[in-house]
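Biologist: Please take one buried residue in this model and look at it closely, then work outward to the parts around it. I would like a single connected account, with the confidence of the prediction included.

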Amino acid sequence: MKKTILLLACLCCAALCINAIAATAATPQLTTLRGDSGQNYSQINFTLFSSLVEFGSLGVGEAVKFTAPKAGWKLQTVRVLGWSGYNKSTQSYPSDRNIMLEIRDKDLNILYKFADAQNNYFLSDIGPRFGEIEMPGVAVTGDFYVVYYDRGAAPIGTETANATGNSYLFMNGQMEPAEFPLSETNETVKVNWLMEALGN
Amino acid sequence: MVLSLTGISAAADAKSPENQLLNSYDGNLTQKRIVSIDLLSVMGLPAYFIAETVKFKAPKPDWKLKTVQILGWDGFNGSTQSIPRERIIALEVRDKDLNLLYRFTDSQLPYSNFVRNATETYPFTMRLPSIPVSDEFYVCFYDRGAIAVAAEVLNKTSQNSFIYIEDGNTLLPSNLPLFGQNESVPLNWIVTIGGN
C-alpha cells in the first residue's frame, strides 16, 4: 500500500512540478537486524497482537532485544509489521490514534522516545505492512531494546513459531518474556514480534 | 484562497531577546500575494508522507535552532462548524544531506489559531530543544491536512522552498496548483526560525 501511495505521490508531484527533481539524498548502507526466526517473511506464519486488547493497558509495549554490531552503532530506522485496519463495508480507514516507540539500553534507560498517529505508518486496505519509523541516528552499544506500544491502534505482527527468546513484553518497568498460555493444552507458547532495526 | 494577514503581528511569539530570526522570505508580507495550502487537499493520501520544506543557512557553524514558526490556518473561521478536530502534525529538521536531525509530532491544536480565537492565518510557533545546525539545513512540516500553510506566490521557482517526499528522501520544487486552478504556480512557504 505504501509503495502504491508513494508511487502516486511521485506521479502526482512529477505532474505538479515544473522542474525535475531538485535533490535526492544518497541512501546510506544500512545493516538490518531481526529478532525473529529470520525466515523469509513470505514463509512466516504470523498473527496480529495488541497489548491493549490483551492487557487493557496503554502502557504495555512489545519489545525486541537486539545487539549492536559494533560500539556506537547508529540506529536509523525501525520497521514494525502492523496494521491499523480497514473497513471493507464502509471502505474507510480508522481515525488517527497514537502509537509510541522507545529505544532503551540494556539497563532499560530510555535513549529515544517518539509518538505519532498510527495511520502515517500502517495505513493499508490490504492487510499488515511494514511501517518505517525513521529516527535521528540513535547511538547504541551492546544489547538494546526497541519497544513498540501498539495502543490498540496498530496491532503488531507476531510470529507464533520458532521463538528466538529475544521478544518481550515491557510492563511495569520490566521485560517479561513474550509468552502466552494456551487454554486448551495449558502449554506456554513463546512468540517473536516482527520488527527490524536498521542502522550503520 | 487568499488570506488576510492580521495574525502576523503575533509573529513576535518566536522572538526572545537572545534569538536571531531568519525568514524564508524577503520584504514585507503585507505587500505580497499570500495563499494557504494543505498538501492533503492537493495530493490526497500521499501527502501524509510529503512535507512543506524550507532550506535555511545557519548564520554560523553549530548554530542552535530553537523555534520554528509557520504561518498557517487550521480552518477555523469563527463558526461552530469550523472548529477543527484534533489531528497530528509533524516537524522535522534535516541536514544538507537530508539526514534526520530532529523529529517532533503533536496535535495541531496547541499551536493553532482556533485555540487563540483567531479566524485568519496565524503564526504557529513550535519550540525545539536547541538543535545544532551548520551550513544549509531543512525544516520540513507535514501538515497532514490539519493546517493550511501560508505561501507567497512567486513568478519563478523558489530556490529555498520545496516539497519533501519522505520515501526516497527527495526534494521537489514547491510548484503547486492553487485551489480551482489547473496550472502549478511557484510558491515560497512562509516560515520563520529562531536560534542563536
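**A buried glutamate and its surroundings**

Modeller: A:E196 is buried, because its relative accessible area is 5% and the limit for that class is under 20%. The model is a predicted one, and every value below is computed from it. A:E196 belongs to strand β16 of chain A, which covers residues 195-199. The side chain of A:E196 makes a polar contact with the side chain of A:Y41, at 2.6 Å. Setting aside residues up to four places away in sequence, A:E196 touches A:T32, A:L33, A:R34, A:Y41, A:F66, A:T77, A:V78 and A:R79.

Three names in that list lead further. A:Y41, the polar partner of A:E196, also has a charge over its ring: the charged end of A:R34 sits there, 4.0 Å from the ring centre. A:R34 itself is one of the residues that A:E196 touches. A:R79 is another of them, and A:R79 lies over the face of A:F130, at 4.5 Å from the centre of that ring.

Rings also pair with one another in this model. A pair of aromatic rings is described by the distance of the centres and the angle of the planes. The count over all chains comes to 15 aromatic pairs. One of these is formed by A:F180 and A:W193, with 6.5 Å from centre to centre and 70° between the planes, an edge-to-face arrangement. This pair links distant parts of the chain, 13 residues apart: A:F180 is in strand β13 (residues 179-181) and A:W193 in strand β15 (residues 192-193), both of chain A. A:F180 and A:W193 are both buried. Ring pairs join these two residues with A:F49 in a cluster.

For the setting of these residues, chain A as a whole comes next. Chain A has three helices and 16 strands. It has 200 residues, of which 46% count as buried. Among the contacts in chain A with a separation of 6 or more, 79% are between residues 24 or more positions apart.

A:P94 makes a useful contrast with A:E196. A:P94 is partly exposed, because its relative accessible area of 27% falls between the limits of 20% and 50%. Its place is the loop between β5 (73-82) and β6 (98-105) of chain A. Not counting residues up to four places away in sequence, A:P94 touches A:S84, A:G85, A:Q118 and A:N119. The C-alpha atoms of A:P94 and A:G157 are 18 Å apart, and the two residues are separated by 63 residues along the chain.

Chain B holds another buried polar residue. B:S107 has a relative accessibility of 4% and therefore counts as buried. B:S107 is found in strand β6 of chain B, residues 100-107. Its side chain makes a polar contact of 2.8 Å with the side chain of B:E86. The side chain of B:S107 also reaches the backbone nitrogen of B:L109, at 3.0 Å. Apart from neighbours within four places in sequence, B:S107 is in contact with B:E86, B:R87, B:I88 and B:I89.

The nonpolar cores complete the picture of the interior. The largest has 48 residues, and those with the most contacts inside it are B:L65, B:F137, B:L187, B:W189 and B:I193. Strand β7 of chain B (residues 122-133) gives the most to this core, with six residues. A second, separate core has 36 residues, including A:Y112, A:F144, A:A153 and A:A154. Back in the largest core, B:L187 has contacts beyond four places in sequence that include B:V35, B:I37, B:V153, B:L154, B:L176 and B:L178. Polar residues are also in contact with B:L187, among them B:E152, B:S158, B:S161, B:S174 and B:N175.

Last, the confidence. Chain A averages a pLDDT of 87, and 86% of its residues score at least 70. Over residues 1-22 of chain A the pLDDT stays under 50, and the model has 45 contacts beyond four places in sequence for them. Chain B averages a pLDDT of 90, with 91% of the residues at 70 or above. Residues 1-13 of chain B have a pLDDT below 50, and this stretch has 34 contacts in the model beyond near neighbours in sequence. For the complex, the predictor gives an ipTM of 0.73 and a pTM of 0.81.

Methods
Residues numbered from 1 in each chain as written. Chains lettered and ligands numbered in written order. Predicted model: local features only at pLDDT ≥ 70, side-chain atom pairs only at ≥ 80, totals over all residues. Heavy atoms only, no water. Phe/Tyr/Trp six-rings, centres within 6.5 Å; stacked < 30°, edge-to-face > 60°. Helix = DSSP H or I, 4+ residues; strand = E, 2+ residues; numbered from the N terminus. Buried < 20%, exposed > 50% of the residue type's maximum accessible area, 1.4 Å probe, protein only. Lys NZ or Arg CZ within 6 Å of the ring centre and 35° of its normal. pLDDT = per-residue confidence, 0-100. Contact = heavy atoms within 4.5 Å. Core = buried A, V, L, I, M, F, W, Y, C linked by side-chain atoms within 4.5 Å. Polar contact = N/O pair within 3.5 Å; in protein donor to acceptor, adjacent residues only side chain to side chain.
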